[in-house]
Amino acid sequence: MTRLPDFRLETYFSQWEFTARYHLTASDVQTMTLGELLALAEEEDRTAFENLSLGYTETYGDPALREAIAGM
């Protein structure tokens, strides 16, 4: 089987991405835990997320989400 050459940019990132003091080439934001995110939320939003079910929803989407989108 033919071996593909290393993807040099990915090799570079794998070496330095998590050890560099400043990562000026990132295309994403700094990650945070769900707890850190919820600490920024208001009580109503925090309660909604704490009671959020991650199961399947209706084919056309969650009724509350559809209502919020329609209200925009």
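**From a surface patch to the paired side chains**

Y12 lies in helix α1, which covers residues 8–16, and the model in which we follow it is a predicted one. Y12 counts as partly exposed because its relative accessibility is 48%, a value that falls between the 20% and 50% cut-offs for buried and exposed. On the surface, Y12 joins F7, L9 and W16 in a nonpolar patch, and together these residues have about 470 Å² of accessible area.

Empty space is the next topic. Rolling a probe the size of a water molecule over the atoms shows where such space is left. The largest pocket has a volume of about 250 Å³, and its lining is made up of E17, F18, A20, H23, A26, D28, V29, Q30 and T31. By character, the lining residues of this pocket divide into four nonpolar, three polar and two charged.

Charged side chains also appear in pairs. Side chains of opposite charge can pair when their charged atoms come close, and the structure holds two salt bridges. In one of them, the side chains of R3 and D6 meet with an N to O distance of 3.7 Å, and R3 is exposed, with a relative accessible area of 67%. In the other, the closest N and O atoms of E43 and R46 are 3.1 Å apart. E43 and R46 are three residues apart in helix α3 (residues 43–50), so about one helical turn separates them; R46 counts as partly exposed, at 22% relative accessibility.

Helix α4, residues 63–70, contains E67, which counts as exposed because its relative accessibility is 64%. The C-alpha atoms of E67 and T25 are separated by 39 Å, the two residues being 42 residues apart along the chain.

Technical notes
Residues numbered from 1 in each chain as written. Predicted model: local features only at pLDDT ≥ 70, side-chain atom pairs only at ≥ 80, totals over all residues. Heavy atoms only, no water. 1 Å grid on protein atoms, 1.4 Å probe; cavity = no way out; pocket = protein on both sides within 12 Å on 5 of 7 lines; lining within 4 Å. Points joined across faces, edges and corners; volume = space filled by probe spheres on them. Nonpolar A, V, L, I, M, F, W, Y, C, P; charged D, E, K, R; others polar. Patch = residues over 30% accessible without salt bridge, like charges linked within 9 Å, V, L, I, M, F, W, Y side chains within 5 Å. Areas by Shrake-Rupley, 256 points an atom, 1.4 Å probe, with all protein chains shown as cover. Salt bridge = Lys/Arg side-chain N within 4 Å of Asp/Glu carboxyl O. Helix = DSSP H or I, 4+ residues; strand = E, 2+ residues; numbered from the N terminus. Buried < 20%, exposed > 50% of the residue type's maximum accessible area, 1.4 Å probe, protein only.
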